[in-house]
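Here are my notes for you, written as numbered points. Keep the structure open while you read, and look up each spot as we get to it.

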Amino acid sequence: MSFLVLFCRAGFEKDCLAEITDKSFPFGVTGYGKVNSGDGLVRFYPHDPTAVERLVKQLNFADLVFARQWFVAYAELDDLSEQDRLGPIVEVFSTLKPMQTLVLEHPDTNEGKQLSKFCRKFSNPARQVLRKQKLLAAKEKMSNTTGSHADSVVGSHIQPGDIRGHLCFLSGTHVLVGQSIEGNTSLWEMGVPRLKFPSEAPSRSTLKLEEAWLQLMTAEERMSFLKLGQTAVDLGAAPGGWTWQLVNKGMKVWSIDNGPMNQALMDSGQVVHLREDAFTYKPKRPVDWMVCDVVDQPSKVADRMQRWLLERWCRYAVFNLKLPMKQRWPEVKRIFERFDADFMAAGVQYELRAKQLYHDREEITVFVRRL
Ligand SMILES: C[S@@+](CC[C@H](N)C(=O)[O-])C[C@H]1O[C@@H](n2cnc3c(N)ncnc32)[C@H](O)[C@@H]1O
């Protein structure tokens with residue numbers, strides 16, 4: 001029986017399940033889920049098991065907020081023999097389409113992390129056997145977005161529609177075997193881009209903005225929307241991790257925060273620090289980018305972000321919505337529905353993408369642009 005597997009941040013399984021249940025419904029797919037809080041994994045079983053393949057073609061993966069990665073699981077093998085793990089895995093893959101790429105994954109949990117060494121060790125033998133059986137391409141293609149070097153990878157790139165195999169290990173003898181379709185899945189194993197902390201950046205949250213640009217924009221959009229000489233406002237900027245990213249792109253930045261900004265960043269000459277309130281500050285002239293990492297009620301932050309976009313104070317926005325409440329998906333849904341209603345009422349077209357990033361904790365990150 002096939003079912004959908006979704007990876008999410010540990011502790012957010014119920015939100016991920018509530019969202020996939022909601023978003024499957026318009027495609028005529030209903031189902032039920034299995035979650036254990038802390039597993040970092042959701043199993044979604046459509047009532048009609050044949051519907052799952054249709055769902056992963058019709059529902060846009062990028063529209064899911066809480067899912068980091070997904071694939072259709074065709075088997076859950078929970079009693080693999082340590083002497084022959086590959087036999088049953090090959091048996092499952094031999095009933096499926098041949099694959100262009102393969103990933104070995106595990107949930108992003110403390111127990112899961114202990115499996116990463118095992119996955120690395122198992123990777124070569126698994127690939128060799130699958131290639132020999134002609135179930136995996138002899139030369140695997142590369143993802144065209146890998147970490148910070150996203151725009152500079154050369155080689156034979158994956159194409160939309162290519163089939164990716166997934167082996168998601170839950171223990172050394174327990175694996176979910178499945179496939180996803182390139183172009184409608186996360187580009188990264190487990191949905192997590194590997195980013196290196198830039199040592200000059202003033203705070204670790206710098207990685208949140210870097211990941212947001214990677215996860216929420218395509219490589220073409222990054223080239224076109226992020227340009228040298230642009231202007232930006234950073235609301236709730238101190239000590240300057242996000243400002244650092246904007247400066248690093250060659251922008252002039254107005255950083256709004258009562259707290260102190262990193263001195264080296266100020267010495268760049270590209271930053272104006274204003275000790276003002278993020279909820280009342282208004283730029284003298286429109287800017288290209290507005291980013292906001294203020295910790296406050298999500299609806300209050302969303303209202304302010306909406307004002308910036310509707311008033312044309314910025315063209316592009318990236319902001320965080322902190323979600324300390326229990327029912328996070330209903331809250332996110334309510335906020336986005338109101339956003340939509342208000343933009344519609346103002347006759348303004350916009351595009352919104354949101355994700356709970358790897359570097360997000362109890363929050364999600366949103367990218368919005370006016371069209
Ligand atoms: C999570 S920190 C921002 C970290 C920053 N993005 C970085 O990368 O270094 C949140 C910041 O928002 C600021 N803040 C909170 N409420 C604010 C408000 N109403 N106006 C301006 N800044 C505010 C806090 O002073 C704090 O520095």
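1. Start with strand β4 (residues 69-77), which runs antiparallel to β7 and is joined to it by five bridges. To find the pairing on screen, look for A73, which sits opposite G178 in β7. One thing to keep in mind throughout: this is a predicted model.

2. Now look at strand β6 (residues 163-171). It pairs with β7 over eight bridges, again in the antiparallel sense. Here H166 is the residue standing opposite G178. So how many residues lie between β6 and β7 in their hairpin? Just two, so you can trace the chain straight from one strand into the other.3. What does that leave for β7 itself, buried or exposed residues? Seven of the eight residues in strand β7 (residues 174-181) are buried, so the strand is largely enclosed by the rest of the structure. As a general reminder, side chains in a regular strand alternate between the two faces of the sheet. G178 is a handy landmark in β7, with A73 opposite it and H166 opposite it as well.

4. Next, go to the ligand. Which residues come nearest to it? There are 16 residues around the ligand, and the nearest are S203, D257, D277, A278 and D293. Sorted by class, this shell has seven nonpolar, five polar and four charged residues.

5. Zoom in on the ligand's oxygen atoms. An N or O atom in the side chain of D257 is 2.7 Å from a ligand oxygen. The backbone takes part in contacts too: a backbone N or O atom of G241 lies 2.9 Å from an oxygen atom of the ligand, and a polar backbone atom of A238 is 3.2 Å from a ligand oxygen. As for cover, the ligand taken alone exposes 600 Å², and the protein buries 75% of that.

6. Last stop: Q215, which you'll find in helix α6 (residues 206-216). Is Q215 buried or exposed? Its relative accessible area is 19%, and the cut-off for buried is under 20%, so Q215 counts as buried. Its side chain reaches the backbone oxygen of G191 at 3.2 Å. Leaving aside residues up to four places away in sequence, Q215 touches W188, G191, P193 and L357. Notice that G191 turns up in both lists: Q215 touches G191, and the side chain of Q215 reaches the backbone oxygen of G191.

Technical notes: Residues are numbered from 1 along each chain as its sequence is written. This is a predicted model: local features need pLDDT of at least 70, side-chain atom pairs count only at pLDDT 80 or more; totals for chains, interfaces and linings use all residues. Side-chain values use heavy atoms; hydrogens and water are left out. Buried means under 20% relative accessible area, exposed over 50%, partly exposed in between (1.4 Å probe, protein chains only). Helices (H or I, at least four residues) and strands (E, at least two) are DSSP runs, numbered from the N terminus. Two strands pair if DSSP finds at least two bridges between them. A residue is near a molecule or strand if one of its heavy atoms lies within 4 Å of it. A polar contact is a pair of N or O atoms within 3.5 Å; within protein, one must be able to donate a hydrogen and the other to accept it, and residues adjacent in sequence count only if both atoms are side-chain atoms. Accessible areas come from the Shrake-Rupley method with a 1.4 Å probe; for residues, only the protein chains shown count as cover. Ala, Val, Leu, Ile, Met, Phe, Trp, Tyr, Cys and Pro count as nonpolar, Asp, Glu, Lys and Arg as charged, and the others, Gly among them, as polar. Contact means heavy atoms within 4.5 Å.
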